[in-house]
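Hello,

Here is the structure I promised to pass on. Please open it first, then read my notes below.

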There are 2 protein chains.
Amino acid sequence: MRTPQGVSLTYGLLETLGQSIVSGFYDGRSFPTEADLCTQFSASRTVAREAVKMLTAKGLLSARPRQGTKVEPVAKWNLLDPDVTRWLMERPFSNTIYREFTEVRLAIEPVAAYLATRRGDRADIRRIRDGLNAMRDHAAEPDQALQADIDFHVSILRASGNPFFWQLRELINTALRLSIGITNKVSGHTASIPAHEAVLIAIEKGDADGAHAAMRAILLESLELIEIYDPTTTAE
Amino acid sequence: MRTPQGVSLTYGLLETLGQSIVSGFYDGRSFPTEADLCTQFSASRTVAREAVKMLTAKGLLSARPRQGTKVEPVAKWNLLDPDVTRWLMERPFSNTIYREFTEVRLAIEPVAAYLATRRGDRADIRRIRDGLNAMRDHAAEPDQALQADIDFHVSILRASGNPFFWQLRELINTALRLSIGITNKVSGHTASIPAHEAVLIAIEKGDADGAHAAMRAILLESLELIEIYDPTTTAE
DNA sequence: GCCTGATTTTCAAGTCATCGTATGATTGGT
DNA sequence: ACCAATCATACGATGACTTGAAAATCAGGC
């Protein structure tokens, strides 16, 4: 295991350990002691301790004297921390985590669209429309179409005017990038322009409930795709 | 400013600084340098640095050589971090933050109820029912009624089976405790038992959409109360 | 004299090494 | 079975050195 470079030692170690923990590397075994971390990564105690402290702040670790440093159960992790979200994405694809991401989107995005309708200003709405137009213009180029799709959804979060929603942009970004993999496996399915257009039209009309429903329809369809792809991950 | 005790020095300083930052104490002025922190709080560099690193991990601070340590703009904060949420609550009441909390609840809780209906097991549903029964039994005792209300809502998050939703229990806890203040100012309004009962009945019937709608109704009513209390915080 | 660009200075965070302290699990004696 | 000594480990303190970026200074040309 090598520490990445380009950043400070502490942040490099933070990344390395964060990814290792999230990927389950330490699941069976015990987390290294302070001293072991220093030797394993040839870092000073300062670096090791500060990386551990940051991971503790994100809920991934807990440390007590004599008892050593432990990886916390997933229930304690700050899953909505952008770093943790990113580490989750960087590990091998899991249909479960993707479904859970999408369920969060199902909660957040319809309400974001609802609030965006009531509070979004002209510039907010223009950004949303720009996203939709870019989706149309680049329908044939997957990379740019994906970016446009992300821009569309993130613009709506922003237009909601609620900073808590805005926090989730990284999660939506991640979820959408993951989605490319799965939707392609199921069919030649790509983001539906008409469904997205319905959201924009409702927002422009000032129809908050309509925007809510239109966005909800998009996410429910995504969830259905996930269940088709792997029905075992959904109970009942 | 004094560091609280009973915990380690690092965590004490973390609390003190976190609260100060969130309360806006450093808004006009520049954040102390490493050396100043040591003298101001008579702490060692180790303690000061680790507290700063943890706050950095939560997005509240950023540090660069020569430039010193800066308080980041609110947009960068990890607002969904349980510590940050708590610090937000501990500062003087703000109607805006309370509305934003409730908007998050409006997003999360109806979908949690929807998922709980489809996936909750017997024990999950029993916990939800217990919460409702406790609300009824302690209708006359505000403290216990509040706790029962919290238990009811948190049980639904748990029953959703989605760990991301479960993360938000601290936020819902905070929001409900804040709500006591405001609802009492508006009227003698207390948590409506029938509205909560409607959610439970839908869940028990297996009516996921009904549970979604019933929960949404509860939250929309809360939002209306907020707007009545201070209409200036809502645009349009 | 004054702009421009390069060099040096300086300050604050980053990193390292080492020492001592506090804590709580384990071990061993009674 | 209980109590005390032991020991491993994180916690805390400190001094020295390194690195990086901003600010100040200087050099050269117009």
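What follows covers the DNA contacts, then the interface between the chains.

This is a predicted model: local features need pLDDT of at least 70, side-chain atom pairs count only at pLDDT 80 or more, and totals for chains, interfaces and linings use all residues. Residues are numbered from 1 along each chain as its sequence is written, chains are lettered from A and ligands numbered from 1 in the order in which they are written, and side-chain values use heavy atoms, leaving out hydrogens and water.

DNA strand D first. It is surrounded by 21 residues (near means a heavy atom within 4 Å). The closest are A:Arg45, A:Arg66, B:Leu9, B:Thr10 and B:Ser44. Of the strand D atoms within 4 Å of the protein, 62% belong to sugar or phosphate. The side chain of B:Ser44 has an N or O atom 2.4 Å from a phosphate oxygen of strand D. A polar backbone atom of B:Leu9 is 2.7 Å from a phosphate oxygen of the strand.

Now the two chains. In chain A, 49 residues are in contact with 50 residues of chain B (contact means heavy atoms within 4.5 Å). Together the chains bury about 4100 Å² (accessible area, 1.4 Å probe, lost on being put together, summed over both). Carbon and sulfur atoms hold 59% of that. Eight salt bridges link chain A and chain B (a side-chain nitrogen of Lys or Arg within 4 Å of a carboxyl oxygen of Asp or Glu). One of them joins A:Glu227 and B:Arg118, at 3.9 Å from N to O.

Best wishes

Definitions and conventions
Polar contact = N/O pair within 3.5 Å; in protein donor to acceptor, adjacent residues only side chain to side chain. Buried area = accessible area lost by both parts, 1.4 Å probe.
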